[in-house]
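This briefing is intended for reading alongside the sequence and the coordinates. It moves from a single side-chain arrangement to the overall fold, and then to aromatic groupings and one helix.

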Amino acid sequence: MKQSQFVRQREALWRQLEQELTAGSFTQPELFPAAYRQLCSDLSLARSRQYSPVLVDRLNQLVALGQQHLYQNNQPVWLALRQLIGVRALQACYQFRKWIWLNLILFYGLGLAAAMFVCSSADNINYFMSAADVEKFSEMYDPASRGAGSGRTAQSDVMMFGFYIYNNIGIAFQTFAGGLFFCIGALFYIVYNGLYLGAVAGHMINMGFNETFFSFVIGHGSVELTAIVLSGAAGCRLGFSLLVPGIYDRLTALKLVAHQVMPIVAVAFVMLVLAAGIEAFWSPRQLAADVKYIVGAIGWAAVFYWLYRGTVLGR
């Protein structure tokens, strides 16, 4: 059977399932199991007959949506979170690995360039931030003041935890949602944050506040910075679907890609909450710098291992 004939025979069922699964409501819920079995059979046939990758991907996404509907009420929260972090998000990261590499290179590459530029001359920090911001960062990480977060109480730690969640998620949301402007917004925030954070690091090195600064940021930096990169990659892929919608109209392409990148966005949110907790309750602790470096290195190793598992699952 030709693909065009196959699509004509099944299109009505696929569209109905797509609409009902997206809306989360069914006109005849008792018919869903049979329709879902037919959908799985269609996916198997499309793969065995080597139909177009676009069709196979569409059916695969519908099957995934159907699976979520079947198991959403029976799956404990912790198991759903484990499935998200350990499988679905990793598969999505592998699928969009080129976009993640692009954002990673821009973010860290420009951050390193900004740090080297500021280190070459102390006055260069003025290209990146105001004099007031320069003074604020200098006071925050001055060893004479015992470093960032010194003198905080348990109550202020909780307040800072809320502030960090608000601030981190705000940055990630800007980066992700900015991708709707045909990738431009996401790339802008990735470039801006990379340059800004690199400039801050360069300024701390110039001031001789290396230990105070890096021992503070290394603990939460692994999950926070990775979440920003993932948000940028998801936003870029979302915007690219508007630029190159393929065989779909732009709205349909946007919906399909939004569903595909949602696991990345969700795991980025989890990372940002975790980063806020570390930044509020661990990073300000007045401990030996070596202890913080070791814990921070473990955090970075865990993130690298998690991403590496994505390449294994994606093969």
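Which residue lies over the face of F137, and at what distance from the ring centre? K136 takes that position, at 5.0 Å from the ring centre. The model discussed here is predicted.

**Overall architecture**
- The chain has 11 helices and zero strands.
- Its C-alpha trace spans about 75 × 40 × 30 Å along the principal axes.
- Of the 315 residues in the chain, 40% are buried.
- Among contacts with a separation of 6 or more, 78% are made by residues 24 or more positions apart.
- The accessible surface amounts to about 17,100 Å², and carbon and sulfur atoms contribute 64% of that area.

**Aromatic rings and charges over them**
- Across the whole structure, a search finds 17 aromatic pairs.
- One of these pairs joins F107 and Y108 in an edge-to-face arrangement, with 5.2 Å centre to centre and 90° between the planes.
- F107 is buried, because its relative accessible area of 3% falls under the 20% limit.
- Y108 is partly exposed, because its relative accessible area of 31% lies between the limits of 20% and 50%.
- F137, the residue whose ring face is covered by K136, belongs to one aromatic cluster together with F188, Y189, Y192 and Y196.
- A second charged residue, R97, lies over the face of Y94, at 4.0 Å from the ring centre.

**Y94 and helix α11**
- The C-alpha atom of Y94 is separated by 9.5 Å from that of Y308, although the two residues are 214 apart along the chain.
- Y308 is found in helix α11, which covers residues 289–314.
- With a relative accessibility of 49%, Y308 counts as partly exposed, because exposed residues must be over 50%.

**Helix α2**
- Helix α2 comprises the 17 residues 32–48, for which a rise of 1.5 Å a residue predicts a span of 24 Å.
- The end C-alpha atoms of α2 are 24 Å apart, in agreement with that expectation.
- The buried residues of α2 are F32, A35, Y36, L39, D42, L43 and A46. They cover an arc of only 115° around the axis, so they lie on the same side of α2.
- In general, an α-helix has 3.6 residues a turn, so residues three or four places apart point the same way.
- Exposed residues R37 and S48 are carried on the face of α2 turned away from its buried side.
- Just after α2, Q50 adopts a positive phi of about 60°.

Terms used: Residues numbered from 1 in each chain as written. Predicted model: local features only at pLDDT ≥ 70, side-chain atom pairs only at ≥ 80, totals over all residues. Heavy atoms only, no water. Phe/Tyr/Trp six-rings, centres within 6.5 Å; stacked < 30°, edge-to-face > 60°. Buried < 20%, exposed > 50% of the residue type's maximum accessible area, 1.4 Å probe, protein only. Lys NZ or Arg CZ within 6 Å of the ring centre and 35° of its normal. Helix = DSSP H or I, 4+ residues; strand = E, 2+ residues; numbered from the N terminus. Expected span 1.5 Å × (residues − 1). Arc of directions from axis to C-beta. Contact = heavy atoms within 4.5 Å. Areas by Shrake-Rupley, 256 points an atom, 1.4 Å probe, with all protein chains shown as cover.
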